[in-house]
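User: I am new to this structure and would like to know how its labels are justified. Please set each value against its definition.

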Amino acid sequence: MLPYQTLQDDLATNPPCHPRACAIQNCLNRNGFDESKCQKLVDALYECCNAFYEKNGDSASTVSCPKANLLRLKMEQRKKAT
């Protein structure tokens, strides 16, 4: 079972995407802050954040997500790394 709900549910939380951000922090805490163990959760957060910006525009903001331009840069970097 995933530590967060569906994309639509997580977009509807206040703040948006917060359950996915919390899941990353919990994973890092459980794994001695080894980011490699939490990559799927990071991808899930980025998925939620991307959907948030698609729905609300690039000028929208939520504390759970990087700014839209930084998010896209990080997503592109992750895609190239795989």
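User: What makes Asp58 partly exposed?

Analyst: The relative accessible area of Asp58 is 46%. Buried means under 20% relative accessible area, exposed means over 50%, and partly exposed is in between (1.4 Å probe, protein chains only). Asp58 is therefore partly exposed. As background, this is a predicted model, in which local features need pLDDT of at least 70 and side-chain atom pairs count only at pLDDT 80 or more, while totals for chains, interfaces and linings use all residues. Residues are numbered from 1 along each chain as its sequence is written, and side-chain values use heavy atoms, with hydrogens and water left out.

User: Why is the contact between Arg72 and Asp58 called a salt bridge?

Analyst: A salt bridge is a side-chain nitrogen of Lys or Arg within 4 Å of a carboxyl oxygen of Asp or Glu. For Arg72 and Asp58 the N to O distance is 2.8 Å, so the pair fits the rule. The pair joins distant parts of the chain, 14 residues apart: Arg72 is in helix H4 (residues 68–81) and Asp58 is in the loop between H3 and H4. Helices here are DSSP runs (H or I, at least four residues), numbered from the N terminus. Arg72 is partly exposed, at a relative accessible area of 35%.

User: How many salt bridges does this rule give?

Analyst: The count is four. One of them pairs Arg20 with Asp10, at 2.7 Å from N to O. Arg20 belongs to helix H2 (residues 18–30) and Asp10 to helix H1 (residues 7–11), so this pair ties together parts ten residues apart in sequence.

User: What other salt bridge does Arg20 form, and with which residue?

Analyst: Arg20 also forms one with Glu47, where the closest N and O atoms are 2.9 Å apart. Glu47 sits in helix H3 (residues 39–56) and Arg20 in helix H2, so parts 27 residues apart in sequence are tied together. Asp10, Arg20 and Glu47 are thus linked in a network of salt bridges.

User: Is Arg20 buried or exposed?

Analyst: Arg20 has a relative accessible area of 3%, so it is buried. Glu47, at 42%, is partly exposed.

User: Why is the pair of Phe52 and Tyr53 called edge-to-face?

Analyst: Rings of Phe, Tyr and Trp (its six-membered ring) pair if their centres lie within 6.5 Å; planes under 30 degrees apart count as stacked, over 60 as edge-to-face and the rest as tilted. The centres of Phe52 and Tyr53 are 5.2 Å apart and their planes are at 70°, so the pair is edge-to-face. A search of the whole structure finds one aromatic pair. Both Phe52 and Tyr53 are buried.

Conventions:
Helices (H or I, at least four residues) and strands (E, at least two) are DSSP runs, numbered from the N terminus.
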